[in-house]
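Dear colleague,

I am handing over the structure we spoke about, and my notes on it follow directly below. Please read them with the coordinates open beside you.

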Number of protein chains: 2
Amino acid sequence: MADYKAPLRDIDFVLKDFLNCEQHYAGLTGCEELGADLMDAIIGEGAKFAENVVNPIAASGDEQGCQYVDGKVTTPSGFKEAFRQWGEGGWQTLGIPVAAGGQGLPSSLGSVIGEMVGAPSWAFSMYGGLALAPVTCLLNGGTEEQKQRYLPKLLSGEWAGTMCLTEAHCGSDVGLLRTKASKNDDGTYTLQGTKIFISGGEQDMTDNIIHAILARVEGAPAGTKGISLFIAPKYWVDEDGAMGEFNNINCGAIEKKMGLKASATCVMNYDGARAVLLGEENRGLEIMFKLMNAARLGTALQGLAMGEMAYQGAVSYARDRLQMRSLTGPKNPNGPADPIMVHPDVRRMLLTQKAFVEGQRGLIYWLAQQVDLSQFGSEEQQAEAGQLLELLTPIAKAFCTETAQEVTYLGVQVFGGHGYISDNGMERIARDNRISTVYEGTTGIQALDLIGRKVLGSGGSVLRNFTKIVHKYCEANKDNAQLAEFIAPLVLLNKEWGEVTMAVGEKAMADADEVGAASVDYLMYSGYVVFAFLWAQMAEVAQQKLDSGMDDPLYHGKLKTARFYFQRLLPRTASHKAAMLAGAAGLMGMAEEEFIC
Amino acid sequence: MADYKAPLRDIDFVLKDFLNCEQHYAGLTGCEELGADLMDAIIGEGAKFAENVVNPIAASGDEQGCQYVDGKVTTPSGFKEAFRQWGEGGWQTLGIPVAAGGQGLPSSLGSVIGEMVGAPSWAFSMYGGLALAPVTCLLNGGTEEQKQRYLPKLLSGEWAGTMCLTEAHCGSDVGLLRTKASKNDDGTYTLQGTKIFISGGEQDMTDNIIHAILARVEGAPAGTKGISLFIAPKYWVDEDGAMGEFNNINCGAIEKKMGLKASATCVMNYDGARAVLLGEENRGLEIMFKLMNAARLGTALQGLAMGEMAYQGAVSYARDRLQMRSLTGPKNPNGPADPIMVHPDVRRMLLTQKAFVEGQRGLIYWLAQQVDLSQFGSEEQQAEAGQLLELLTPIAKAFCTETAQEVTYLGVQVFGGHGYISDNGMERIARDNRISTVYEGTTGIQALDLIGRKVLGSGGSVLRNFTKIVHKYCEANKDNAQLAEFIAPLVLLNKEWGEVTMAVGEKAMADADEVGAASVDYLMYSGYVVFAFLWAQMAEVAQQKLDSGMDDPLYHGKLKTARFYFQRLLPRTASHKAAMLAGAAGLMGMAEEEFIC
């Protein structure tokens with residue numbers, strides 16, 4: 001299978017040419033020293049880690065999977081050693097404040113590392129990603145004593161962690177959760193219950209596992225108002241950080257699943273486990289929800305990472321595979337056939353992949369900068385970034401992962417029958433990626449968040465603030481003839497976006513189901529418009545570079561990909577518009593027995 | 001996981017209400033006795049076989065997969081016994097002429113059985129399906145002696161068979177094949193070479209395996225003009241049908257692949273295997289291509305079958321799974337939450353599945369009737385059916401399998417995280433189905449066949465003959481107010497279909513790459529229009545039944561699903577139209593190094 005090669009040139013384009021990251025970092029309090037050299041060095045080391053440490057264990061990790069015997073989980077060969085190197089390399093501490101023992105680097109840099117390390121094996125990267133769950137909970141809701149107790153070894157990679165939320169009967173609907181916590185005389189709590197789908201709930205890579213667990217204290221209110229957040233380690237940790245006895249947290253099974261087989265998805269039983277409360281009783285969700293935006297952007301990143309792998313594989317195969325002659329006559333006359341790259345439909349598939357992958361990278365890295373600003377920026381910057389993130393996080397999560405399904409689907413398709421064969425890697429990527437539209441909130445959940453809570457919930461203002469930014473951009477570039485092919489359709493769609501929002505909003509006042517009926521098509525429509533905004537800007541930058549005499553294939557390719565996006569993919573807004581305006585009656589009017597008779 | 005339940009009521013609707021199959025069969029020479037009672041009996045028995053024999057081995061078959069040791073392949077538990085029952089039940093002979101030892105039933109009935117038996121385990125159904133490859137080759141190109149020699153045990157299920165075409169360097173481009181045949185003094189040939197992706201190339205279910213193999217006789221012309229078709233059994237078969245020695249056909253490996261794990265995908269080595277020629281030297285493709293239309297409709301059927309499984313599972317889960325409250329207030333106030341069926345977006349997903357699955361069934365069964373007519377009809381009927389099949393077979397193959405990807409995707413999505421878990425079956429269906437847009441000609445190959453060979457190749461006449469049929473239907477129903485919501489858009493699209501064809505055709509005269517650049521979007525566009533024609537007719541039938549006082553949920557559901565299709569799915573023609581008219585320049589203008597720098 002094609003080996004992963006970190007797309008450093010495209011990352012460089014997005015960070016430096018498009019997002020002016022040097023200027024961005026220079027303006028962030030505490031990050032001023034993150035100049036181009038340091039940044040390049042960190043990204044270069046991340047690329048090496050991804051290519052040399054993670055890539056070699058990716059395919060074998062899928063093939064071996066995790067093994068479960070008598071409560072113990074064995075991870076695939078090489079995972080333990082790779083995780084050790086991950087910890088030793090300091091990768092776990094990248095975005096953690098210096099005061100908490102981290103490197104204090106901005107979160108946007110973490111996204112770049114996350115993309116690269118996740119691309120060859122998302123399953124591997126999940127162990128480090130999930131270790132950040134208790135870390136973030138502690139940083140957001142822990143006392144100084146609690147931080148001292150758990151953070152050092154979580155950050156060194158000697159311990160890992162989990163986020164324990166889902167129960168068998170309770171996924172999207174967290175208010176239904178039943179895991180019980182009863183308070184002990186010493187101030188700790190005792191947990192009873194069972195969680196499912198706990199990534200890294202048990203593994204053989206680290207000495208201890210620190211679980212962040214949502215549970216309901218005895219006597220607490222029903223629903224989401226009675227949920228508390230606890231830290232419970234696999235082996236008890238004393239106040240001084242020393243590891244003690246086994247804490248009655250048992251892994252009952254691991255799931256057989258479609259992909260991510262090297263990531264252990266565990267059923268976890270708390271059979272009287274001791275736990276410490278984070279923050280106050282019944283206010284656990286407030287702390288946990290602060291994880292949520294990061295987790296959603298992290299899942300968008302999975303779509304990007306898997307898509308990049310599929311794109312690299314497909315381009316490489318299309319260059320090498322000889323099959324049929326070009327419709328316009330042989331292009332490889334001395335060979336038995338032409339490389340399939342000559343066939344227009346193969347190029348359509350590759351350009352679809354490229355337009356989505358690079359659009360995703362543009363969006364996610366841009367939003368990661370907004371996260372930087374929301375943490376380190378001025379008060380005004382924080383407010384602006386916060387509004388952008390509110391609107392764009394559900395779009396990024398759902399739109400990047402949905403379009404990534406198409407990208408990984410096309411990876412298999414370009415390979416033809418060979419794409420279906422495990423050795424070639426494409427089918428693994430499609431399987432690994434399939435969960436991304438599901439976990440951390442399904443596409444349906446993101447869509448309801450977008451249109452219900454964010455757009456209509458703000459009376460439209462959260463959307464208007466964004467369409468104004470787009471409008472301003474279009475105004476500023478309306479006389480640029482070179483960009484007219486991008487700006488003209490963007491102007492129309494930006495206006496139409498407001499109109500369809502009004503139309504859905506009006507119907508929703510009469511019937512709340514209209515929100516749900518429009519939601520996913522509304523989200524997809526919005527995603528295509530946001531990508532158009534990004535592609536227009538990336539085309540502008542590429543055009544400027546070309547105009548300035550930098551005759552680089554990257555800039556030519558970028559401009560042509562923008563054109564492809566506008567001509568071939570953006571018209572999908574028309575179908576999503578029609579579908580979202582079709583209304584709820586056609587959905588809700590089906591009697592249950594009319595689905596299957 | 002949800003067990004398969006044959007959708008007998010919907011099958012009944014399509015066959016009897018929509019396609020008037022009783023009248024259809026009564027008019028077929030040799031099939032006059034296939035009345036409703038006999039048909040119901042056969043379909044009922046097929047349903048039992050699917051539910052009671054195939055369904056129980058479906059999930060375990062995927063889990064166990066096929067095992068390869070030292071040239072031998074072991075199929076999963078129960079497969080051998082199920083195949084024995086398949087043979088004993090006479091299912092292998094259904095559509096085979098009475099004169100050749102079959103039951104002489106029309107091919108359309110075989111499609112119904114094929115859907116039902118394939119739905120729980122397409123992998124199982126492939127063994128019987130591939131056994132038909134040498135059977136069909138023999139019927140089309142074999143001498144009487146050859147038929148006598150191989151057919152009886154192929155039809156009894158004691159032997160199975162394969163179709164051996166693909167080589168490592170030669171998939172879509174069959175002209176590149178290298179397997180060599182040299183003629184022996186006794187008139188037989190000796191084969192040397194290696195084939196890959198041979199389904200059922202080796203297995204432990206039958207006493208012998210009869211391979212239909214494409215190879216090149218020494219000295220034959222290069223390319224497709226030098227390909228001959230051979231029959232070579234695993235164990236030699238004498239003229240009297242007696243089994244002899246092992247014939248040096250070795251299985252070198254089986255592929256690890258994304259799905260269909262219970263179907264052995266074999267690397268086959270012919271190490272001096274003896275073979276007999278079918279028909280004349282260098283004319284093997286003529287015989288083999290007669291298989292192709294049936295294989296393409298058979299693959300369309302896979303999309304339908306997998307989609308039906310995914311739809312059944314999703315509806316059942318949506319009824320049972322309690323999560324969140326309805327946006328318009330609790331619908332299950334005494335329970336902890338509402339069934340997810342109350343959520344508009346879940347209904348959107350279910351209706352998308354239903355509209356595609358039932359549209360596929362309508363199209364495929366209709367085309368299967370055309371196959372009947374092309375075999376048993378009057379001369380005029382044969383000609384008409386032939387033209388319809390020419391146009392609609394590539395559409396059925398590619399559009400049914402592409403939309404089936406969406407259906408099986410949504411099966412996982414409705415289940416949420418539980419859809420990713422193997423026990424629930426949804427992920428297996430998605431994996432099994434993934435190959436359907438690839439084998440028997442990828443979507444890209446079908447699209448080129450449609451627009452290049454069929455539509456433009458006939459100067460548009462093959463399309464015009466069909467749009468005239470649609471036009472006539474619309475004219476006949478233009479005053480039916482109840483159908484106006486379907487007829488009005490169909491009229492417009494039917495006209496537009498001709499226009500976009502003209503537009504692409506004109507561009508293609510200047511540049512052949514324009515054909516490829518438009519091809520897949522053209523095919524998808526065409527598929528949506530064809531489905532609109534079918535859904536309009538199915539809505540008409542349902543409306544008539546309701547008007548006649550048959551107040552049946554099936555008819556209500558059918559009418560509402562037609563409405564959903566027109567409102568929510570048909571608008572996708574707009575994006576495919578824009579994409580197909582975008583032209584080739586944007587694709588072909590990319591320099592190779594601009595894809596990845």
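**The interface and two helices**

Chain A and chain B bury about 8500 Å² between them, with 61% of it on carbon and sulfur atoms; buried area here is the accessible area (1.4 Å probe) that two parts lose on being put together, summed over both. Of the area that chain A buries against chain B, 10% is supplied by A:Tyr420, A:Arg568 and A:Phe595, more than by any other three residues. The contact, which counts heavy atoms within 4.5 Å, takes 100 residues from chain A and 100 residues from chain B.

Please bear in mind that this is a predicted model, in which local features need pLDDT of at least 70 and side-chain atom pairs count only at pLDDT 80 or more, while totals for chains, interfaces and linings use all residues. Residues are numbered from 1 along each chain as its sequence is written, chains are lettered from A and ligands numbered from 1 in the order in which they are written, and side-chain values use heavy atoms, with hydrogens and water left out.

How are the two copies related? Chain A can be laid on chain B by a turn of 180° and a shift of 0.0 Å along the axis, with an RMSD of 0.0 Å, the superposition being by least squares on the C-alpha atoms of residues with pLDDT of at least 70 in both. That is the relation of a two-fold axis. Because 100% of the interface residues of chain A are also interface residues in chain B, the copies meet through the same surface.

Within chain B, helix H10 (residues 379-415; helices are DSSP runs of H or I, at least four residues, numbered from the N terminus) has 37 residues and reaches 50 Å between its first and last C-alpha, close to the 54 Å expected at 1.5 Å a residue, a span taken as 1.5 Å times one less than the number of residues. H10(B) bends by about 40° at B:Leu392, with B:Pro394 following within four residues; the bend is the angle between axes fitted to the seven residues ending there and the seven starting there. In H10(B), 27 of the 37 residues are buried, meaning under 20% relative accessible area (1.4 Å probe, protein chains only).

Helix H15 of chain B (residues 513-547) has its end C-alpha atoms 51 Å apart, which agrees with the 51 Å that its 35 residues should span, although there is a kink of about 50° centred on B:Ser519. H15(B) is mostly covered, with 32 of its 35 residues buried.

With best regards

Terms used:
Helix = DSSP H or I, 4+ residues; strand = E, 2+ residues; numbered from the N terminus. Buried < 20%, exposed > 50% of the residue type's maximum accessible area, 1.4 Å probe, protein only.
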